[in-house]
Amino acid sequence: MLYTGHPGGPEEAEAVEAWAAALPQADYQVLTYRFLNQRNRPPYVIAIEKR
């Protein structure tokens, strides 16, 4: 769960997303689940499944 509504939150989320995006596709599946119609930068989920 990534919380972006606090100071430094967007930068933390960006770092976690970069880390997750760099995981090898052959070994992991990575999914982002977020709200599109909510205000105030709601939290969102990155799910990682090891194959």
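With a relative accessible area of 38%, Ile48 comes out as partly exposed. That value, like the others here, belongs to a predicted model. Ile48 is found in strand β2, which takes in residues 45-50. On the surface, Ile48 joins Val16, Trp19 and Val30 in a nonpolar patch. Taken together, these four side chains offer about 340 Å² of accessible area. Ile48 can be part of such a patch because its 38% relative accessible area passes the cut-off of over 30% used for patch residues.

Next come the charged side chains. The salt bridge count comes to one, and the partners are Arg34 and Glu17, whose closest N and O atoms are 3.1 Å apart. Arg34 sits in the loop between β1 (28-33) and β2, while Glu17 belongs to helix α1 (residues 9-21), so the pair ties together parts that are 17 residues apart in sequence. How open are the two ends of this bridge? Arg34 counts as partly exposed at 41% relative accessibility, and Glu17 is partly exposed too, with a relative accessible area of 30%.

Arg34 has another contact worth a look, this time with a ring. Arg34 lies over the face of Tyr44, at 3.8 Å from the ring centre. As for rings meeting other rings, a search of the whole structure turns up zero aromatic pairs. Arg34 thus appears both in the salt bridge with Glu17 and over the face of Tyr44.

Methods. Residues are numbered from 1 along each chain as its sequence is written. This is a predicted model: local features need pLDDT of at least 70, side-chain atom pairs count only at pLDDT 80 or more; totals for chains, interfaces and linings use all residues. Side-chain values use heavy atoms; hydrogens and water are left out. Patches are made of residues with over 30% relative accessible area and no salt bridge: like charges are joined within 9 Å, nonpolar side chains (Val, Leu, Ile, Met, Phe, Trp, Tyr) within 5 Å. Accessible areas come from the Shrake-Rupley method with a 1.4 Å probe; for residues, only the protein chains shown count as cover. Helices (H or I, at least four residues) and strands (E, at least two) are DSSP runs, numbered from the N terminus. Buried means under 20% relative accessible area, exposed over 50%, partly exposed in between (1.4 Å probe, protein chains only). Rings of Phe, Tyr and Trp (its six-membered ring) pair if their centres lie within 6.5 Å; planes under 30 degrees apart count as stacked, over 60 as edge-to-face and the rest as tilted. A charge sits over a ring if NZ of Lys or CZ of Arg is within 6 Å of the ring centre and within 35 degrees of the ring normal.
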